[in-house]
Every structure is written in C-alpha cells, then in structure tokens.
Amino acid sequence: MKHSIENIAPSRVKVIITIDGDEWAAAKDKAVANIAKSIKIDGFRQGKAPISRVKIEINKNKEWLYEEAERVAVPDQVLSQAFAEENLPVYGVISRGATKRNDALLEHVVFVVLFPQCKLGDYKTVKVEKAAPSVNDEEVMAEVTRRLQDNAILQVSEDAAKMGDTVVMDFTGFLPNAEGKLGEPFEGGSAENFSLELGSGQFIPGFEEALVGLKAGEKKDVKVTFPEQYVENLAGKPAVFKVTVHEVKVKVVPELTDEAVADLAIEGVNTVEEFKNKVTTDLLTAKTNRADAEWYNNTIDEIVTISEVVIDEAIIANEAADQDKKLQENVEKQGLTMEQYFEITGQKPADVHAVNMENAKKNLSAFLVEREVARAAGLTVTDEEAIAAIAAQYGMEEGAVKNAIAQNAEVLNSWKSHLLQVKTHDHLATL
C-alpha cells in the first residue's frame, strides 16, 4: 500500500491510497472468493458454483469484481494505518471512494477533517486588568431586605388585593365563538385554588392588574388579549377569564431585629450587626468571584486573538447541533414544541443556530488555548489528584471514591479537566 496526502484546506486533507501489484492481485482473488459464496448461477445451488464458472460471470461485469476488491483492500483499519503513518490527527471522514479502479491498480481517495489545531501565541505578554470590587451600604441594605423578604410569611387579609399580594383563586378561560359570545373553555386555561402573586408576571399582560381591588369572595370577568408572540391557537386572540377569589394574602416581612435575624438560622449569625457583616462578606465574595471569572475569560479571549486557531466548520456545526438539541430537550420538558417556542419568543431557528455556531467557535477556541497554555506551562493533573479532590468535595474516603468511579471514567476525566483549568487559571494569575 502506498499513500500520500494533499492539503485542500487548513483543516482538511485528501489522502490518496494506491494499491497495486501483488497486494491488488490478492484483493481481487479474495473478492472472487467472496462473490463465489453468494452468487446464484443457473444449474448450481447458491454459493456452490465452481470458481471457473464464477469467473465467467464476473468477467461479464468487471466493476463487480473491482468494487468487492476495493472493499477488501481498504477496510477501516487500512485507513487508520495510513492516517497514523501520515501523522494525521483525523477528526472524521467526509467522503471516500475510488478515482481509479482497473486490473492493474486501485486508487482510493479519502477526504478527512482534521482535529482543531492551535499554535499558541506569546501568552505571557497578555495583560488584562482585573476589577477590584467593593460593596456599599446601599447594596448591603438591599440584600438584607431581600433576604428578609424571602423569610416573609403570607397572612390572610380582608382588604382588597394590591400589587405584591397573593390571590388564591379559581379561573376558567374562554375564547369568543363565531357570534362573539363566550364559547367553550379552552384547554390549559383553567385552575382551582391557584395562588398568584400580583406583579410576578406569571400571567399574560393585563390579567394580574385586573385583580387589583378584589376581595375574598368576589368574582370578576377579566378581559385580556393574548400577545401576538404566543402559542399559535391563542396568539393575538381576545379572551375572558371568569375569576373567583377565595383569599387575599399579604406578605408580612419581619422587621430587622436580632430576633428576626435569629429566625433566619444562619450559622454564627445572631444579631443585626453580624447579619450585615455576613451579607457584606457574601456580596464581596460574589463580586470578587465574578470579577475573577471575567478576568480569566477575557485573558483567554486575548490569547485566542494572538494565537493561530484552526477549527473546521464541520466540527463547529457538530457542536452547534448539540446546543440546538439541548435547547429542544429543555423546551420539550416545559411541554412545548419548538414551533410554539419560536412563536412565543419571536426568534427564528436560523438565528438561534447562528448564535450557537458563534458560541461553539468561541468555546472551542478557548478550550484549545487553555489546553495549549497548560501544555506550555507543563501543567498536568493525575488520577490521584482528581480522586483526592472528589473525596474532599463530598467528604468521602479516597478508597470509596475509587470504587465509585471505577466504572465511570467520564467522571474522573471531567474532574481532571476542571482541575487542569484551575491550574491554568492560577498559572496565568502569576504572570
């Protein structure tokens, strides 16, 4: 077997495999034997005709012989051997087939996509400023208020409902019939003892506002129009919801006192001052982590711009298709079809796919650069390091971790990738 390569694009190669002489002769002999096992010739049982008679039939159509001989001569393992000898990092085969096929030789051409490549730029020259976050009193008090609100209780009220209150109600939705009168209730438009916080935006525009002023025991016909960007059978249509209010509940937020703080059950926090200090620390930690993540991502992006990254469009398309599939799975989990999702969001499938293509290219480029930085810096992660990290994370004995992941190499590799990224981050932070 002889082989050569021809570069047809930065990420694509044509591999020409030539088989002739004794090797091609042997492949044709094997092809004759294979055909003899399956051929049906008049006067003989299938596969029982003598070779001399089989050859007569084959000579009537030599392409039959050449096609089978090609299958014999260039199986997948022969391609793998050629790729290895040519030192090609093959991602996948686009197409393959004969360009010459006769008694003397076979020329079999394979078009392949190469794995993404990255020639790292001088990453040590990249300097990205990291933000120095701070927290002010206004932010602290806003977070204190939010946490107290999360611990609020709902108390039944005799007063009329207002925005922020919760209404417990029954409702049934109707669409007008051809005469403009109420028709049958539409599917999915009814519920009993439904709790709705007014102002939460759970319902279509106008519905929650129409409940303001109602008291327990009161009824109302709420007239609304569905948005144009909605499920097809309701989009843009007027509707009437018959509503019966059972209860109005007001949110009672505890005052900021030591007792209220104690009720939050935060470890080591028992007073208002300790609570404010804890909130300050939490906010600052969150801001610091966000600033650090932004610095790291921007640093990697800058290194990408000074590096030579080659990623075939087919690979990017595969990654984008995975993202398309994940979106579809998430949408279907919510009980919607993709058609309904696009109607509601106003997006177009082509636009969503284009965004996924862009994100796939960016993410793959960042991954390649991270990997090359780690390689240039001599960074590695051993199985033992990953096992120790898993054990520390979940409070397990290392032996138990080994047993748990013995049949799942994906978990170990995922942790190794994560720890290598941490080491790469720390390495860049020292430059």
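How much accessible surface does the protein chain have, and what share of that surface belongs to carbon and sulfur atoms? The accessible surface comes to about 25,900 Å². Carbon and sulfur atoms account for 49% of that. One caution before I go on: this is a predicted model.

Let me start with the whole chain. The protein chain has 431 residues, and 32% of them count as buried. It holds 14 helices and 11 strands. Now the overall dimensions. Along its principal axes, the C-alpha trace spans about 100 × 70 × 45 Å. The radius of gyration is 34 Å, while a compact globule of 431 residues would have one near 22 Å. What about contacts along the sequence? Take the contacts between residues at least 6 apart in sequence. Of these, 67% join residues at least 24 apart.

Now to the first sheet I want to show. It is an open sheet of four strands. The order is E1-E2-E4-E3, and the pairing is antiparallel. Which strands sit at the edges? They are E1, residues 2-9, and E3, residues 90-101. Each of those two pairs on one side only. From one strand to the next, the twist averages 20°.

A general reminder here. Strands of a sheet pair through backbone hydrogen bonds, in a parallel or an antiparallel way.

Let's walk through the pairs. E1 and E2 make a hairpin, with two residues between them. E2 covers residues 12-20, and seven bridges hold the antiparallel pairing of E1 with E2. For a landmark, find Ser4: its bridge partner in E2 is Ile16. On to the next pair. E2 and E4 run antiparallel and are joined by nine bridges. The landmark there is Thr18, which stands opposite Glu107 in E4.

Which helices go with this sheet? I have two to point out. Helix H3, residues 62-73, packs on the sheet. H3 touches E2, E3 and E4, the last of these being residues 105-114. The direction of H3 makes about 145° with that of E3. Then comes helix H4, residues 76-85. H4 lies across E1, E2, E3 and E4. Relative to E3, H4 runs at about 110°.

Next, move along the chain to strand E10, residues 238-252. I will take three of its pairings in turn. E6, residues 153-157, runs antiparallel to E10, and five bridges join the two. Look for Leu154, opposite Lys251 in E10. E7, residues 166-176, pairs with E10 in the antiparallel sense over nine bridges. Phe171 has Val243 as its bridge partner in E10. E9, residues 219-225, also pairs antiparallel with E10, over seven bridges. There, Val224 stands opposite Ala239 of E10.

Let's stop at one residue in that region: Gln155. It lies in strand E6. Is Gln155 buried or exposed? The answer falls between the two: Gln155 counts as partly exposed because its relative accessibility is 43%, and that class runs between 20% and 50%. Leaving out residues up to four places away in sequence, Gln155 touches Val248, Lys249, Val250 and Val252. For a sense of distance, take Asp383, 228 residues from Gln155 along the chain. The C-alpha atoms of Gln155 and Asp383 are separated by 55 Å.

My last stop is His425. Where is it? His425 has its place in helix H14, residues 409-429. Why does His425 count as buried? Its relative accessible area is 17%, and the cut-off for buried is under 20%. The His425 side chain makes a polar contact with the side chain of Asp426, at 3.0 Å. What else does His425 contact, beyond neighbours within four places in sequence? The residues are Asp292, Trp295 and Tyr296.

To recap, with the model on screen. Find the four strands in the order E1-E2-E4-E3. Find H4 lying across them. Then find E10, with E7 paired to it over nine bridges. Finish at His425, in H14.

Conventions:
Residues are numbered from 1 along each chain as its sequence is written. This is a predicted model: local features need pLDDT of at least 70, side-chain atom pairs count only at pLDDT 80 or more; totals for chains, interfaces and linings use all residues. Side-chain values use heavy atoms; hydrogens and water are left out. Two strands pair if DSSP finds at least two bridges between them. Axes are lines fitted to C-alpha atoms, for helices over the stretch in contact, and angles run from 0 to 180 degrees between N-to-C directions. Contact means heavy atoms within 4.5 Å. The radius of gyration is taken over C-alpha atoms; the globule rule is 2.2 Å times the number of residues to the power 0.38. Buried means under 20% relative accessible area, exposed over 50%, partly exposed in between (1.4 Å probe, protein chains only). Accessible areas come from the Shrake-Rupley method with a 1.4 Å probe; for residues, only the protein chains shown count as cover. A polar contact is a pair of N or O atoms within 3.5 Å; within protein, one must be able to donate a hydrogen and the other to accept it, and residues adjacent in sequence count only if both atoms are side-chain atoms.
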